[in-house]
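This report describes selected sheets, helices and loop residues of one protein chain. The sequence and the structure follow.

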Amino acid sequence: MSLDFGPAVALSCRECGTRYDLGPSFACLECFGPLEAAYEFGTVTREEIAAGPANIWRYKKLLPVPGDVEQKRNMNPGWTKLVKAEGLGKSLGLKSLYVKDDSGNPTHSFKDRVVAIAVEAARNFGFHTLSCSSTGNLAGAVTAAAARAGLEACVFIPADLEQAKIAMARVFGGKLIGIDGTYDEVNRFCSELIGDPIGEKWGFVNVNLRPYYAEGSKTLAYEIAEQLGWRLPDQIVIPIASGSQLTKIDKGFKELIALGLVDDKPYKVYGAQASGCSPVSVAYKAGHEVVQPVKPDTIAKSLAIGNPADGPYVLDIARRTGGAVEDVSDPEIVSAIRLLAETEGIFAETAGGVTVGVLRKLVEAGKLDPELDTVVLNTGDGLKTLDAVSSVAAPSAVIKPSLDAFRKVI
């Protein structure tokens with residue numbers, strides 16, 4: 001079988017550096033460390049990127065995908081808005097603030113980016129079914145991408161997810177299996193299923209396809225830099241679920257520097273968690289190198305991963321860049337959702353409330369420089385987590401259709 005992964009040439013262990021042939025593997029046989037894609041990049045210029053399509057495939061020479069990827073049936077995610085957030089910035093006292101709003105993706109979350117890369121890996125390996133363990137957004141992204149690509153889908157979720165996310169995952173067809181347990185228990189089940197005959201020829205996007213899937217988050221880094229005029233932000237606030245998104249954005253920034261596409265400059269990376277599931281934040285504040293698993297209890301269900309696989313790497317990046325990891329309570333999350341909506345007209349899901357809430361907390365604590373270029377991520381659409389803002393789910397007033405009645409309430 002001839003495999004085309006573009007510039008990707010191997011899988012490399014992030015712990016010991018052992019290399020493996022490109023394949024559906026995710027753990028090192030020597031030390032059990034996680035595997036990630038390793039590349040031999042050719043020449044890449046700003047001009048050829050700008051001449052590409054208005055989606056993630058403009059960066060195909062930096063991703064583990066075939067050279068003709070834009071001609072295949074896929075969801076074509078990416079190139080979402082980088083919003084100059086003057087209203088939110090004024091409210092928080094930040095001079096130069098941007099919101100990277102990934103709710104504009106096909107299924108309204110950043111997960112479309114990572115799944116698009118995983119689909120191409122699944123095609124390369126001849127898989128017929130796309131699967132995942134999911135806290136919600138990923139399930140919808142997988143079933144939609146499978147429908148578009150002509151693959152079967154079977155996805156697994158904790159049974160108590162938000163109804164809007166369940167409906168989105170179901171509407172695209174395939175099978176949606178709810179499991180009575182936490183996300184971490186769902187993920188362990190999927191790992192067992194890979195070794196069972198039932199799972200033969202199944203591509204689990206965040207398990208056996210994870211080294212490819214995770215690379216999709218790099219496109220957030222590429223887009224932010226390009227949309228800022230080919231420069232890196234000084235400060236960026238990123239939500240933490242597994243932690244993979246944060247680590248890959250950092251990887252993307254470093255690749256742009258190495259390729260000479262942006263100037264080499266310092267940047268600070270801040271991680272954001274909900275207090276009801278904040279194992280990385282707790283470890284950061286305690287000065288620990290390891291992350292102690294927790295049982296999630298938060299409205300931010302898309303971030304409710306109690307044993308984040310990339311937690312230790314997040315700690316390394318936050319400390320190396322001079323950033324931090326912080327967390328906010330559920331009431332602070334709701335308050336931040338409303339603040340972003342009222343100042344910028346962006347309706348974020350709970351994960352966006354986490355990043356904006358943490359941004360506000362960092363500013364108040366003096367941990368962010370208010371004069372520097374700052375980017376905060378909104379990774380999903382608020383219509384998926386309406387229960388979080390149920391307190392405003394009623395008219396301001398109910399009146400008779402008359403001017404006199406209106407004057408009394410205005």
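A residue counts as buried when its relative accessible area is under 20%, and as exposed when that area is over 50%. The model discussed here is predicted.

## The antiparallel sheet of strands 1 to 3

By the cut-off just given, strand 3 is mostly covered, with 5 of its 5 residues buried. Strand 3 belongs to an open sheet of 3 strands, in which the order is 2-1-3 and the pairing is antiparallel. Strand 2 (19-20) and strand 3 (35-39) each have a single partner strand and stand at the edges, so one side of each has no neighbour in the sheet.

Strand 1 comprises residues 8-13 and pairs with strand 2 in the antiparallel sense over 2 bridges. In this pairing, S12 is placed opposite R19 of strand 2. Between strand 1 and strand 3, which also run antiparallel, there are 5 bridges; here A10 faces A38 of strand 3.

## The parallel sheet of strands 6 to 9

A further open sheet has 4 strands in the order 8-7-6-9, and its pairing is parallel. Its edges are formed by strand 8 (175-179) and strand 9 (202-204), each of which pairs on one side only. On average, neighbouring strands of this sheet are turned by 20° against each other, direction ignored.

Strand 6 (residues 129-133) and strand 7 (residues 152-158) run parallel and are joined by 5 bridges. Within this pair, S133 stands opposite F156 of strand 7.

## Strand 12 and its partner

How many residues of strand 12 are buried? The number is 5 of the 5 residues in this strand (residues 324-328), so strand 12 is largely enclosed by the rest of the structure. In a regular strand, side chains alternate between the two faces of the sheet. Both faces of strand 12 are covered: A324, E326 and V328 are buried on one side, and V325 and D327 are buried on the other.

Strand 11 (residues 268-274) runs parallel to strand 12, and 5 bridges join the two. G271 is the residue opposite V325 of strand 12.

## Helix 8 and the crossing of helices 9 and 11

Helix 8 (residues 218-227) is mostly covered, as 9 of its 10 residues are buried. Its buried residues are K218, T219, L220, A221, Y222, E223, I224, A225 and E226. After helix 8 comes G229, which has a positive phi near 85°.

The axes of helix 9 (residues 244-258) and helix 11 come within 9 Å and cross at roughly 50°. This angle makes helix 9 oblique to helix 11. The crossing in which helix 9 passes helix 11 is left-handed. Helix 9 contributes L246, T247, D250 and K254 to the contact, and helix 11 contributes Y313, V314, I317, R320 and T321.

## Two residues of the loop between helices 10 and 11

T298 is situated in the loop between helix 10 (279-286) and helix 11 (311-321). Its relative accessibility is 12%, so T298 counts as buried. The T298 side chain reaches the backbone nitrogen of A300 at 3.0 Å, and a polar contact of 2.9 Å joins the side chains of T298 and D330. Apart from neighbours within four places in sequence, T298 is in contact with A274, G276, C277, A304, D330 and I333.

Is E289 buried or exposed? E289 lies in the loop between helix 10 and helix 11, and it is exposed, with a relative accessible area of 52%. Leaving aside neighbours within four places in sequence, the contacts of E289 are P312, L315, D316 and R319. K95 is 194 residues from E289 along the chain, and the C-alpha atoms of these two residues are separated by 34 Å.

## T379 and its surroundings

T379 occupies a place in the loop between strand 13 (373-378) and helix 14 (403-409). With a relative accessible area of 5%, T379 is buried.

T379 and H108 are 271 residues apart in sequence, while their C-alpha atoms are 8.2 Å apart in space. H108 is also one of the residues in contact with T379 when neighbours within four places in sequence are left aside. The others in this set are D102, S109, F110, P239, Q245 and A351.

Terms used. Residues numbered from 1 in each chain as written. Predicted model: local features only at pLDDT ≥ 70, side-chain atom pairs only at ≥ 80, totals over all residues. Heavy atoms only, no water. Pairing = 2+ DSSP bridges. Buried < 20%, exposed > 50% of the residue type's maximum accessible area, 1.4 Å probe, protein only. Polar contact = N/O pair within 3.5 Å; in protein donor to acceptor, adjacent residues only side chain to side chain. Contact = heavy atoms within 4.5 Å. Axes fitted to C-alpha atoms, helices over the stretch in contact; angles between N-to-C directions. Parallel < 35°, antiparallel > 145°, perpendicular 65-115°, else oblique. Left-handed = near helix turned anticlockwise from the far one by under 90°.
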